[in-house]
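Me: I'm new to this one and would like a close look at a single spot on it. Please start there and then walk me outwards to whatever else is worth seeing.

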Amino acid sequence: MLRLSLITTPLKSRWVLPALIVAIASTTSLVALQDAGAQVANVLTGQEATKPDQAEQDQRSIEAWKADVEERLASISEAIELAEQENSEPPRSAARELNALTRLNRLLTQLVGERAKAEKLDDEQKTLKKTREDLIQDGLPEDADTSFRRLDKVREDLESEQRRLQRGKNNEESAQAALETAEEELKERSSARRRAQERADDNSDDKRRQALGEALADAIEQNEIAEAALLLRKQELANAKTSLAAQEFRVRILEETESRLSLVVSFGPSELAELFEDLDRQEDELQKRLATFESAAKPRIRYVEEQWISARREVDAATGDKSALQERVRAFELEYQSLRTFPSLLRQQIDRLAGDRKVWRLRQRVFQSRPDGQTRALWTEESEDAVTQLRREERKEQFEIDDLKEKLSEVRQRLQQAEDNSEQRQQLDKQVASLRQLQTYREENLNSIRNSLWLHERLLGELKGTTFAATAKDHLHSVWRGVKTVWNYELTAFGEKGAEKSVTVQKVVTALLVLFAGLILSRVLSRALGNQVLRRLDIDPSATATIQALFFYALLLTFALFALNVAKVPLTAFTVLSGAVALGVGFGSQNIINNFISGLILLSERPVKVGDLIQLDQPNGEQLYGNIEHIGARSTVVRTGSNLEIIVPNSAFLQNNVVNFTRSSDKVRTKVEVGVIYGSPTVSVTRLLRRAVVETGRVAKDPPPIILFKNFADNSLVFEVHFWLRMRTMMDQMQIESAVRFRIDQLFREEDIVIAFPQRDVHLDATGPIPVQMVGPYAGNDS
């Protein structure tokens, strides 16, 4: 049993009656809480109701619980209202209980609503189940619409319901997660209620009895809220499952309907003619609108254009406030834009109808007969291009509509600020009308685009559908068509305009095959010349090697020219290149040979190797830091700390100073310098510096760090800490030095040691009067 006590502390006279009422109401609420808990215990601990009488019993328990909460809410509200009438502030526990009961009542109201919704969902599920069973057993009704349009509508509805089915699955997952959260919340609230109950039962101190009673009441209310929330989440999950099951029945019904319609639908000439008649009616209507508008709008367009030009001239010539004139210019501009845009959009819609006719004709052919692979591939490519174009138009039109909405919002804001019956307001009203008209025109065109896009996507889906299972012949034809497309693809063209010669993949591949065969044949013939012919002529071996090499390169050049001829590449295309090569051989061979020999020396002596961290002097006096990535015959690739690849000529490594940080070891000594103010304890500074280096964790322990008292500087006592570290990049050194500096700053702050900064002391001799002298302005000063 709950043990409660009324307030025993003295109260002011104006608080006595409200406090007593609130206390009685709280006591009643606690007793009612026990009764409400007993009413919902079966609902919380039992499984979901499966029998009608059990569900009805649960519903009565919840309604009784809600009625009890409303009664308690009325009692506490009455107590608070009475306290306000007495001009006294009600106890804080009353406001807290009012908030808790209000939240609980809201949860129970939602729960009652979810219970009512569950009954409707259950009836709907039964109806859908019965409809599906009748459809499976009896098939389509005798008077069912078996047109191709009806099949299209069923397929569209099926896609929509499948998307809703996926959303229903997501809702079920969300409801399940919410239920798990509510269960955890109830566990926590139940535990808190039990702890509050134990503290109230074990209390023997009258002074704490009121506070413990209020805490227990609050814990019971929060536990009751958690119970209601749990029941609500359970019901929401049950409704989500029922709704999902009903949605699955809808999808199955549409799938069955689509399957049966596919067997009986015949897309014949008569239905195609009806579709064309609808398109003709739409086109006639658009043509009439276009003709009517153009005949009526021509004078208006000329008038608006003249007024627009005149208004701009008035703005240019006017002085002072031009806001009204500027709004007039914008009004004529928007009206002119509206008059010009509408006919263009109508023509686009008319042109789009012609494409729709073609699509319907293709859909009939696809439905009635099986097109061969080549025809289907051609139609698919055309449909994909059309879909891409329509999506591009859809995005553009949507952008225009959004832009019009933004402009309309801006004009309406200016309209709110304009004075009534003013010229500016009249022009703003005209702008609003023009923008609305433009928005209507754009939205009509957007609907036309989306209708055509839907039609093309349907055709594309039917062409790519599983209905057309490709045969082996179709596969071979598709592969051969792809090969031919790649084989005849034009890479570039040479020659003067009007007489260009194309270079295709076919020509390039043929030239490469000729060049490859020529390479092999040149190697075989040159070796045969050296081994069979030149050896018998008793020629010197070194001369034999030279002749053999020259013969090899001559044959290779011949085959290269033959390959270019096969590829139909004119030699005139290499005229400029040949001149550049000649100049390069004449003026650049010295540096090339120098770098080549330097590369041989680097590869043989290995002063630097791949992976080494180096410092290289550059001609501009700067230093290049980086890691060796590659050593080639002419140049070496150095990667800097910024991940930049620097191409360095090999001769630079022999002509300039090179520091190799990692040639024999990657251990390097570095230092960090710090200055402290005069008067700092030098021994403590030394100890902290050594500690900062050691605690960094990335400094080599052997050799140990060395701390030097470097100098008595102008503004500081200068210390240097020398330590060893392992580094493979310059960033390693900078990171470790930075970590040491961070640690030094932290330790100095902890020990109240101040790091010095530049300063200057001024000493005044105050033993006698300080002379003060007035001087004139500086020379050259005009003031």
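Is Leu513 buried or exposed, and what is its relative accessible area?

Reply: Leu513 is exposed, because its relative accessible area is 56% (under 20% is buried, over 50% exposed, and partly exposed lies in between, with a 1.4 Å probe and protein chains only). Before we wander off, note that this is a predicted model, in which local features need pLDDT of at least 70, side-chain atom pairs count only at pLDDT 80 or more, and totals for chains, interfaces and linings use all residues. Residues are numbered from 1 along each chain as its sequence is written, and side-chain values use heavy atoms, leaving out hydrogens and water.

So where does Leu513 sit? Its home is helix α11 (helices are DSSP runs of H or I with at least four residues, strands are runs of E with at least two, and the numbering goes from the N terminus). Leu513 also has company: together with Val479, Val483, Trp487 and Val509 it makes up a nonpolar patch on the surface, and the five share about 430 Å² of accessible area. A patch takes residues with over 30% relative accessible area and no salt bridge, joining nonpolar side chains (Val, Leu, Ile, Met, Phe, Trp, Tyr) within 5 Å and like charges within 9 Å. The areas are Shrake-Rupley values with a 1.4 Å probe, and for residues only the protein chains shown count as cover. A salt bridge, for its part, needs a side-chain nitrogen of Lys or Arg within 4 Å of a carboxyl oxygen of Asp or Glu. Two elements give two or more residues to this nonpolar patch, namely α10 (472-487) and α11 (505-536). The largest share, 3 residues, belongs to α10.

Next come the charged patches. Lys and Arg count as positive, Asp and Glu as negative, while His and the chain ends are skipped; each charge is placed at NZ of Lys, CZ of Arg, CG of Asp or CD of Glu. Glu180, Glu183, Glu184 and Glu188 make up a negative patch on the surface. One of them, Glu183, belongs to helix α4, which covers residues 148-202, and at 32% relative accessible area Glu183 is partly exposed. There is a positive patch too, built from Arg194, Arg195, Arg199 and Arg208. Helix α4 contributes the most here, with 3 residues. Arg194 lies in α4 and is partly exposed, at 44% relative accessible area.

Helix α4 also brings us to the aromatic rings. A pair of rings is described by how far apart the centres are and by the angle of the planes. Across the whole structure, a search turns up 11 aromatic pairs (rings of Phe, Tyr and Trp, the last by its six-membered ring, with centres within 6.5 Å; planes under 30 degrees apart are stacked, over 60 edge-to-face, the rest tilted). In one of them, Phe148 and Phe267 are stacked, at 4.3 Å centre to centre with 10 degrees between the planes. Phe148 is in helix α4 and Phe267 in the loop between α5 (206-264) and α6 (269-317), so this pair ties together parts 119 residues apart in sequence. Both Phe148 and Phe267 are buried. They join Trp360 and Phe367 in one aromatic cluster.

For another stacked pair, go to Phe709 and Phe719: their ring centres are 4.6 Å apart and the planes meet at 10 degrees. Phe709 is in strand β9 (residues 706-712) and Phe719 in strand β10 (residues 717-726), 10 residues apart. Their surroundings are worth a glance as well: Phe709 is partly exposed, with a relative accessible area of 37%, while Phe719 is buried, at 1%.

Finally, some backbone details. The peptide bond from Asp702 to Pro703 is cis, with omega near 0 degrees, and Pro703 belongs to the loop between α15 (682-696) and β9. Asn421 isn't a glycine, yet its phi is positive, near 60 degrees. You'll find Asn421 in the loop between α8 (373-417) and α9 (423-464), exposed at 75% relative accessibility. Asn643 also has a positive phi, about 65 degrees, without being a glycine; its place is the loop between β5 (635-639) and β6 (645-649), and it is exposed, at 53% relative accessible area. Pro649 lies in strand β6 and is partly exposed, at 37%. The C-alpha atoms of Pro649 and Thr636 are 6.2 Å apart, with their positions 13 residues apart along the chain.
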